[in-house]
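Trainee: I would like a close look at one part, the surroundings of the ligand. Please start with the whole and then work through the site.

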Amino acid sequence: RSSGVQSRLLHHFYQFLPCSSSSSLPGPPRFFLIENMMELTHDHLPIHLTNLAQRYGNIYRLKCGSTTMVVLNSSEVIREALVKKWSDFAGRPVSYTGDIVSGGGYSISLGDYNEEWRAHRRLVHSALQRCSQKSLHDVIERQALNLRKVLMDYQSSAVDLSEDFTVAASNVITTLAFGKEYNKSSLELQQLHSCLNEIVALWGSSWISALDSFPLLRKLPNPVFSRLLKEVARRDEIIKQHLNNYKSQGKENEDHITGSLLQGLGEQHNTEHGVFLTDSHVHMATVDLLIGGTETTAAWLSWTVAFLLHRPEVQTRVYEELCTVLQGQYPKYSDRHRLPVLCSLINEVLRLRPVAPLAVPHRAIRDSSIAGYFIPKDTVIIPNLFGAHHDPAVWSEPYSFKPERFLEGGGGSTRALMPFGGGARLCLGESVAKMELFLFTGYLLRDFQFIPPESEASLPDLRGVASVVLKIKSYKVIARPRPVSSP
Ligand code: HEM
């Protein structure tokens with residue numbers, strides 16, 4: 001099911017009108033998009049936008065009804081907008097349904113840029129940092145060992161590991177947030193995930209995005225919208241229950257993000273500029289962390305195992321490095337500088353499959369410019385991270401899996417790698433994610449050899465399905481324990 005950013009973009013494409021002659025930005029004419037509509041409804045909008053860049057350049061515009069979108073396709077132009085001119089492009093598109101999904105604009109990821117949003121993001125950022133310093137390493141190690149046990153229990157049978165990766169990533173966030181972890185069969189966990197995934201999918205449907213463009217439709221019955229409202233209410237009920245349980249246990253200390261946020265609410269610094277943060281901000285921050293921190297990391301792990309099935313010699317090289325450098329120990333995050341082969345694998349998977357391929361749309365909050373082109377206020381900016389990571393001017397053989405490009409002398413540029421975006425909207429969980437990717441991969445590759453179930457024919461399809469998160473289609477793998485692997 002196409003969802004989120006992809007369907008919202010599609011919806012806008014359907015309303016495409018001829019470009020305004022006043023704009024000097026290049027962009028495809030109307031017929032071109034209509035011809036490609038079938039392709040757009042396909043699995044991979046980032047690839048399509050990247051192909052358009054070959055024709056129209058690294059920055060082009062798509063005029064969609066009254067909205068102009070500008071697509072950025074190289075790390076240079078993305079950096080100029082998101083980092084150098086961050087204060088011009090830190091907004092988010094504002095919409096009727098976005099407001100509903102973000103609990104009245106209280107979400108960090110969808111909230112527009114203003115003083116209240118800044119205070120909110122600062123509060124959550126410092127709570128996350130405080131808790132990460134205290135316990136993130138231990139929390140991830142514990143989940144990596146849980147994952148090890150789950151894989152051992154499969155006894156080398158062919159299985160789809162995607163759900164186990166989701167549980168591991170989700171447990172990192174729920175442990176940090178309220179000191180709670182779940183196993184795969186937990187009803188509470190399943191309810192939470194089904195509800196959050198349903199909201200992302202429903203919000204992306206054209207039944208919902210039509211309400212943003214045509215206010216009159218809001219007066220008509222719309223079963224999909226009713227379902228969205230029901231799921232948002234269910235989400236809010238689940239999160240409220242979690243927060244109430246947390247409060248009733250008297251755990252309001254700074255060991256967990258929730259405790260830290262609740263304490264932070266009362267502090268003076270949040271009232272500067274007349275901003276008052278409330279329980280609703282804590283509530284939506286929890287939603288942001290759960291949505292932002294679960295499917296992304298889990299999808300990345302699935303991609304990594306899939307690439308290693310295609311290229312077993314890379315897996316052998318990482319394993320040999322782990323054995324030589326760590327001599328049987330599990331890696332610590334501080335070992336990363338001694339494990340360049342493992343790090344090159346992580347970077348190459350982030351490059352080839354940035355799990356948030358189009359980031360989240362930005363909005364110009366004032367008139368500005370990018371690459372010398374005038375960009376008027378309210379233009380929607382799409383940072384095509386996938387495109388930047390496949391830019392032939394920066395990457396040799398951009399579509400090939402070549403981790404060695406990130407080793408010394410390999411020519412790979414970590415500066416041109418932008419999987420977490422940049423600037424004021426830089427992924428809030430970047431440091432959590434980086435530690436997770438490193439430790440989960442290090443633990444898994446120390447203890448298991450990943451092999452395909454039968455023949456070459458069963459190797460995973462590496463094309464992927466892009467919605468908000470770029471995921472791999474489900475596949476099975478055998479996790480064979482390495483000869484000497486004790487915890
Ligand atoms: C936003 C990537 C993991 C929380 C984003 C954005 C990207 C991204 C590209 C959009 C940036 C923009 O708008 O320009 C990733 C990747 C991850 C990952 C590649 C893992 C491989 C996480 C984790 C968390 C998280 C673990 C939570 C702990 C968020 C939040 C936002 C965000 C809250 C919204 C930030 C804002 O609007 O200010 N992420 N992310 N992400 N991410 Fe992540």
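**The ligand site and its surroundings**

Mentor: The protein has 487 residues, and 55% of them count as buried. This is a predicted model. The protein holds 17 helices and 11 strands. Much of the contact network is long-range. Among contacts with a separation of 6 or more, 75% join residues 24 or more positions apart.

Confidence comes next. The model scores ipTM 0.99 and pTM 0.91. Mean pLDDT is 88 for the protein, with 88% of residues at 70 or more. Two stretches need care. Residues 10-22 have pLDDT below 50, yet this stretch makes 35 contacts in the model beyond near neighbours in sequence. Residues 31-42 are also below 50, with 20 such contacts. Where pLDDT is low, predicted coordinates should not be read in detail. Take the contact counts for 10-22 and for 31-42 with that in mind.

Now the site, starting at the metal. The ligand carries an iron atom, and the protein supplies a single donor to this iron: the SG atom of C427, at 2.3 Å. The cut-off for a donor to iron is 2.8 Å, so the SG atom at 2.3 Å qualifies. Water is not among the atoms, so the site may look incomplete. C427 sits in a loop, the one that runs between α16 (385-388) and α17.

Move out from the iron. The ligand has 26 residues around it, and those that come nearest are R92, R121, H362, R425 and C427. By class, the shell divides into 15 nonpolar, 7 polar and 4 charged residues.

Polar atoms give three distances to note. H362 brings a side-chain N or O atom to 2.7 Å from a ligand oxygen. G292 uses its backbone instead: an N or O atom there is 3.2 Å from a ligand nitrogen. I108 also uses its backbone, with a polar atom 3.4 Å from a ligand oxygen. Three elements each give two or more residues to the shell: α7 (115-153), α13 (279-310) and α17 (430-447). Of the shell's residues, α13 contributes the largest share, 4.

Look next at helix α8, which spans residues 162-178 and includes A169. A169 is buried because its relative accessibility is 1%, below the 20% cut-off. Leaving out residues up to four places away in sequence, A169 touches G293, T294, T297, A298 and E436. One distance across the fold is worth checking on screen. The C-alpha atoms of A169 and T296 are 8.6 Å apart, with their positions 127 residues apart along the chain.

S170 is in α8 too. S170 counts as buried because its relative accessibility is 0%. Beyond residues up to four places away in sequence, S170 touches L189, H193 and T294. T294 therefore appears in two lists, that of A169 and that of S170.

Helix α12, residues 257-265, contains S260. S260 counts as buried because its relative accessible area is 3%. The S260 side chain has a polar partner: a contact of 2.6 Å links it to the side chain of R130.

Helix α5, residues 75-84, has S75, V77, I78, E80, A81 and L82 buried. An α-helix has 3.6 residues a turn, so residues three or four places apart point the same way. The cover over the buried residues of α5 includes four strands, β2 (67-72), β4 (362-363), β5 (368-370) and β7 (380-383), and helix α16. Two of these names tie back to the site. H362 gives the 2.7 Å side-chain distance to the ligand, and β4 covers 362-363. C427 follows α16, in the loop that leads to α17.

Finally, two backbone angles in loops. S156 is not a glycine, yet its phi is positive, about 60°. S156 lies in the loop between α7 and β3 (158-159). With 31% relative accessibility, S156 counts as partly exposed. A371 is also a non-glycine residue with positive phi, near 50°. A371 is in the loop between β5 and β6 (373-375). A371 counts as partly exposed because its relative accessibility is 40%, between the 20% and 50% cut-offs.

To view the site, begin with C427 and the iron. Then add H362, G292 and I108.

Technical notes
Residues numbered from 1 in each chain as written. Predicted model: local features only at pLDDT ≥ 70, side-chain atom pairs only at ≥ 80, totals over all residues. Heavy atoms only, no water. Near = heavy atom within 4 Å. Polar contact = N/O pair within 3.5 Å; in protein donor to acceptor, adjacent residues only side chain to side chain. Nonpolar A, V, L, I, M, F, W, Y, C, P; charged D, E, K, R; others polar. Donors = N, O, S within 2.8 Å, 3.2 Å for Na, K, Ca; no water. pLDDT = per-residue confidence, 0-100. Contact = heavy atoms within 4.5 Å. Buried < 20%, exposed > 50% of the residue type's maximum accessible area, 1.4 Å probe, protein only.
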